[in-house]
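I opened my notebook to look at a ligand site and one residue elsewhere in the chain. Here is the structure I worked from.

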Amino acid sequence: MQKKDLLRSIPAINDFLKSEKAEKIINKYTRNRFLESLSSELDKIRNKILAKESGFDLIKEELAINQVLNKVEKELNSEEDQGIKKVINAGGIIVHTNLGRSVLAENALEKAISIAGEYSSLEFDLETGKRGYRYNRIKKLLKDLTGAESAVVVNNNAAAVMIVLKTVAEAKEVILARGEMVEIGGSFRVPEVMESSGAILKEVGSTNKVYLKDYLAAVNEKTGALLKVHTSNYRIQGFTHFVEAKEMVEAAHKHNLPVIEDLGSGILFDLSQYGLAYEPTVQEAVKAGIDILTFSGDKLLGGPQAGIIVGKEEYISEIEAHPLMRALRVDKMTLASLEETLKLYYNFEEAIEKIPTLNLITEKAEKVKLRAEKLLAQIKAPKNIELKINKSEAKVGGGAYPLSTFASYALVIDLGEKSAENFSYQLRQLKTPVIARIQNEKLVFDLKTVAERHLPELACAINKVLTEVF
Ligand SMILES: *Cc1c(COP(=O)(O)O)cnc(C)c1O
């Protein structure tokens with residue numbers, strides 16, 4: 001068969017439309033999507049023919065109406081399957097920004113769902129029957145828990161930093177230590193956020209040392225605030241000096257200047273008793289007199305994505321009145337789940353038990369080992385591959401506690417000659433994708449971040465890929 005004959009034998013769109021199968025696909029996916037997918041499929045075949053010099057008979061078979069329609073259907077099916085989906089996190093990083101950070105506590109989840117599915121009192125005062133204020137309840141909770149005079153919530157911590165600087169320091173200088181010029185990842189760089197808020201960055205000190213006198217030397221009539229940024233994802237160790245919050249506050253207040261602190265994660269109780277490095281809690285920062293504090297809702301707090309701002313009433317009310325507040329306000333689902341998460345913090349034991357992020361951080365390694373053993377028992381591996389349970393090190397992640405690791409356990413699969421990369425690719429293509437680690441060419445499934453309820457599904461996934469690969 002000749003190339004031009006083959007090109008001519010490509011069926012016309014009408015030939016496809018006459019088939020019963022096409023009708024079915026159109027009913028499911030609309031005519032437009034069907035035609036779009038069909039013409040892209042035909043283009044592919046046409047290009048394949050044009051690129052070839054022989055073997056046209058093989059391509060001829062691909063041109064059968066039903067063959068083409070099968071491909072179209074498969075393509076549309078997989079398009080349908082795109083979009084955000086649940087994954088199993090076997091990477092051992094508890095607050096993984098790319099995997100959605102914190103998993104919500106059950107009560108927070110249920111509340112978000114019920115509020116999203118019904119009308120609610122979001123901005124309605126049930127007492128007076130008039131318009132209410134969106135942030136009343138959350139303000140009360142945050143004041144109670146942190147000891148701050150007032151509080152408000154925006155879309156995330158980056159937004160919190162932005163609106164705080166814009167409100168109190170637009171077109172003014174903000175003094176920041178060089179050792180605290182943090183880049184969080186994604187595209188959050190403190191200096192750039194400051195710039196876009198209209199504040200002018202005034203750097204002081206050196207990378208490893210800054211003294212109170214450095215801050216004071218930088219104060220002038222253009223100064224709007226002093227800023228502290230938590231070095232969430234790195235530590236400066238060795239020959240260092242930084243200024244305590246309390247000292248900074250005292251000095252700033254003598255000049256009638258506020259101190260702002262971006263705490264990053266923001267913890268409501270000291271986690272050092274669970275083996276993490278000591279970090280000041282939000283309450284301690286409030287007590288030290290910091291005027292405005294910001295932190296994330298979905299890092300160690302364990303709630304939904306949100307930027308929490310707490311501090312002195314005079315500043316918070318100004319922030320609430322800023323026009324940008326409307327652009328950064330949070331949705332009812334966020335508010336509902338954040339309120340429920342915060343309620344758990346009235347009782348720390350309850351918080352640790354019910355907030356998944358805290359639960360994983362405080363969980364003993366022996367419990368993780370039990371999950372690893374349970375998983376291992378369900379894996380059916382061919383003889384030539386080696387399965388082992390190894391000690392592993394899990395991490396907090398999300399740009400928090402960069403130097404702390406938790407003792408954990410992992411199932412390690414040594415695939416021998418087979419490619420670990422390919423195995424991990426296959427795992428990611430499953431209906432519920434599995435995210436594992438590759439270490440020394442071996443597949444590592446850290447059980448720290450795998451809940452008991454995921455074990456059957458994870459075992460199924462591993463078994464499926466094992467049989468496909470071997
Ligand atoms: C994580 C982090 C941010 C950004 O918070 P998002 O909630 O991701 O917007 C800002 N500052 C610090 C110090 C952080 O650790």
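My entries below go from the ligand to Tyr 215.

**Ground rules.** I am working with a predicted model, where local features need pLDDT of at least 70, side-chain atom pairs count only at pLDDT 80 or more, and totals for chains, interfaces and linings use all residues. Residues are numbered from 1 along each chain as its sequence is written, and side-chain values use heavy atoms, with hydrogens and water left out.

**Ligand shell.** I listed the residues near the ligand (a heavy atom within 4 Å of it); among them are Arg 101, Ala 158, Phe 188, His 230, Asp 262 and Lys 299. The shell divides into three nonpolar, six polar and three charged residues; in this scheme Ala, Val, Leu, Ile, Met, Phe, Trp, Tyr, Cys and Pro are nonpolar, Asp, Glu, Lys and Arg charged, and the others, Gly among them, polar.

**Polar contacts.** I looked for pairs of N or O atoms within 3.5 Å. A ligand nitrogen sits 2.6 Å from a side-chain N or O atom of Asp 262. A ligand oxygen is 2.8 Å from a backbone N or O atom of Ala 158, and a polar side-chain atom of Arg 101 is 2.9 Å from a ligand oxygen. The protein covers 94% of the 380 Å² of accessible area that the ligand has on its own (Shrake-Rupley, 1.4 Å probe).

**Tyr 215.** I then checked burial: Tyr 215 has 1% relative accessibility, so it counts as buried (under 20% relative accessible area, 1.4 Å probe, protein chains only). Beyond four places in sequence, its contacts (heavy atoms within 4.5 Å) include Ile 175, Val 204, Leu 226 and Met 248. The C-alpha atoms of Tyr 215 and Lys 60 are 77 Å apart.

Conventions
A polar contact is a pair of N or O atoms within 3.5 Å; within protein, one must be able to donate a hydrogen and the other to accept it, and residues adjacent in sequence count only if both atoms are side-chain atoms. Buried means under 20% relative accessible area, exposed over 50%, partly exposed in between (1.4 Å probe, protein chains only).
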